[in-house]
Amino acid sequence: PLRPGTLFFYRSRMKLNIADKNSGAQKTFEFEDERKLHCFMDKRISQEVDMTPVGEEWAGYVVKITGGHDKQGFPMYQGVMMPSRVKLLLNARAKGNTRGRDGERSRKSVRGCIIDHDIAVIHVIIVKKGAKPIEGLTDKRVPCRLGPKRASRIRKMFDLSKEDDVRDYVVRRTIVREGKKDYTKAPKIQRLITPLRLHRKRHLLK
């Protein structure tokens, strides 16, 4: 029998959460051998990594690191140039701080943006595809449920001019309810220039 107070140290499995912008799919892969993910060590957020050392099926794939979190759930924070955990004074709208009012700041623990062995999950997106398709990730296509919300992106999607009314091209989706009348929903257009907004801007410039 073990003596009381004996500590156990074990190596947990590291996960890789991969997203494909072209197909819209996302899948999490679990690796028992952390040596396969040695190519990610000492890399920072926003850096690109060649996935060839991970396995034969990943040959030719290049991914970009977007984030992650450690074994205790603390998220990686862009701009913190260290692999350890630090405490930062964050405002109410910062990542990792979910409470507080505007102007209020609180000290929170966050993980640096450099990957080490304490990271449990790494989030990446595919930048370049390889020769072989990945099952459940690149071999299927997930339809986009929502359309663009910003006025400039709606113009770009439908190739509109400045004279065209953006409000006529908003992507609407139909809500089906059993025993009730169906209705449609559309997002509120952001950064829309209206006569009322121009009037208020002229009033502020006086």
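**A walk through a predicted chain**

Okay, let's start with one residue: I189 counts as buried, at 15% relative accessibility. Buried here means under 20% relative accessible area, exposed means over 50%, and partly exposed is in between, with a 1.4 Å probe and protein chains only. The areas themselves come from the Shrake-Rupley method with that 1.4 Å probe, and for residues only the protein chains shown count as cover.

Before I go on, some ground rules. This is a predicted model, where local features need pLDDT of at least 70 and side-chain atom pairs count only at pLDDT 80 or more, while totals for chains, interfaces and linings use all residues. Residues are numbered from 1 along each chain as its sequence is written, and side-chain values use heavy atoms, with hydrogens and water left out.

Back to I189. Where does I189 sit in the chain? You'll find I189 in the loop between β9 and α2. Those labels are DSSP runs numbered from the N terminus: helices are H or I with at least four residues, strands are E with at least two. And what does I189 touch, once residues up to four places away in sequence are set aside? The list is K149, A151, I154, V166, R167 and V170, where a contact means heavy atoms within 4.5 Å. I189 and G147 are 42 residues apart in sequence, and their C-alpha atoms are 11 Å apart in space.

That loop holds another residue to look at, R191, between β9 (183-185) and α2 (195-205). R191 is exposed, at 57% relative accessibility. Its phi is near 60 degrees, which is positive, and R191 is not a glycine. As background, most residues other than glycine have a negative phi. D42 does something along those lines: its phi is positive, about 65 degrees, and D42 isn't a glycine either. Look for D42 in the loop between β2 (26-31) and β3 (48-50). Is D42 buried or exposed? Exposed, with a relative accessible area of 64%.

Now let's step into strand β9, where T184 lives. T184 is partly exposed, at 38% relative accessibility. Leaving out neighbours within four places in sequence, T184 contacts R172, R173 and T174. For T184 and R173, which are 11 residues apart along the chain, the C-alpha atoms are separated by 5.4 Å.

Compare that with D102, in the loop between β5 (85-91) and β6 (105-111). D102 and A131 are 29 residues apart along the chain, and their C-alpha atoms are separated by 49 Å. D102 is exposed, with a relative accessible area of 60%. Beyond residues up to four places away in sequence, D102 touches A92 and R93.

On to the cysteines. A disulfide is a covalent bond between the sulfur atoms of two cysteines. In the model, the test is a pair of cysteine sulfur atoms within 2.5 Å. How many disulfides does that rule find? Zero. C39 is in none, and its nearest cysteine sulfur, on C113, is 17 Å away. C113 is in no disulfide either, with the sulfur of C39 as its nearest, 17 Å away. C39 is buried, with a relative accessible area of 18%, and C113 is buried too, at 0%.

Finally, zoom out to the whole chain. We have two helices and nine strands, in the order β-β-β-β-β-β-β-α-β-β-α along the sequence. The radius of gyration is 23 Å, well over the 17 Å that the globule rule gives for 206 residues, so the chain is more spread out than a compact globule. That radius is taken over C-alpha atoms, and the rule is 2.2 Å times the number of residues to the power 0.38. The C-alpha trace spans about 75 × 50 × 45 Å along its principal axes.

Buried residues make up 30% of the 206. The chain exposes about 15400 Å², with carbon and sulfur atoms supplying 50% of that. Among contacts between residues at least 6 apart in sequence, 53% join residues at least 24 apart.

Last, charge. There are 48 positive and 24 negative charges, and their mean positions are 10 Å apart. Lys and Arg count as positive, Asp and Glu as negative, and His and the chain ends are not counted. Each charge is placed at NZ of Lys, CZ of Arg, CG of Asp or CD of Glu.
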